[in-house]
Amino acid sequence: MPNSASIAQALLKGRHANPHGFWGMHPFWHPETGAQGVIVRAFRPGQKGCWVWEAHVPPEQAFPLSAIPDAPEGCFEGFLPGRRQVGPYRLIWEESAGGCQ
């Protein structure tokens, strides 16, 4: 997604004033496809994978997030098309040493 790496780096260095406007789930219009949905961004050091598990779906349908290119390790994001609004969710993490939380 555009500028995600630079915003993530600024946040992690304390040079951005709005972490809640970036991390988490937010309504989003995808500039490349024109699709509407939500974007989810998450950060947790030492993780090699992350999935967003929306409350209305079973856990096996958790949506994988991608590592943000050129961002610090542990920064992930994903676009969920077709969602009209944000909703309750949980994050599932895959640790670099193995195992999930």
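Select Glu77 and Ser4 to begin: in this predicted model, the side chain of Glu77 makes a polar contact with the side chain of Ser4, at 2.8 Å. If you then colour the strands, you will find Glu77 in strand β5, which covers residues 75-81. Is Glu77 buried or exposed? With a relative accessibility of 6%, Glu77 counts as buried, because the cut-off for that class is under 20%.

Next, stay with the strand that covers residues 75-81 and select Cys75, then add Cys50 to the selection. Cys75 is buried, at 1% relative accessibility, and Cys50 is likewise listed as buried, at 1%. How many disulfides does the structure hold? The number is 0. A disulfide is a covalent bond between the sulfur atoms of two cysteines, and for Cys75 the closest cysteine sulfur, that of Cys50, is 11 Å away, which is too far for a bond. The cut-off that matters for this step is 2.5 Å between the two sulfur atoms.

For the last stop, turn to the aromatic rings, among which the model has 4 aromatic pairs. One of them joins Phe22 and Trp23, whose rings sit edge-to-face, with 4.8 Å from centre to centre and 75° between the planes. Now add Phe43 to the selection, and you have the three residues Phe22, Trp23 and Phe43, which form one aromatic cluster. Within that selection, Phe22 counts as buried with a relative accessibility of 4%, and Trp23 also counts as buried, at 19%, a value that falls in this class because the cut-off is under 20%.

How values were computed:
Residues are numbered from 1 along each chain as its sequence is written. This is a predicted model: local features need pLDDT of at least 70, side-chain atom pairs count only at pLDDT 80 or more; totals for chains, interfaces and linings use all residues. Side-chain values use heavy atoms; hydrogens and water are left out. Rings of Phe, Tyr and Trp (its six-membered ring) pair if their centres lie within 6.5 Å; planes under 30 degrees apart count as stacked, over 60 as edge-to-face and the rest as tilted. Buried means under 20% relative accessible area, exposed over 50%, partly exposed in between (1.4 Å probe, protein chains only). Helices (H or I, at least four residues) and strands (E, at least two) are DSSP runs, numbered from the N terminus. A polar contact is a pair of N or O atoms within 3.5 Å; within protein, one must be able to donate a hydrogen and the other to accept it, and residues adjacent in sequence count only if both atoms are side-chain atoms.
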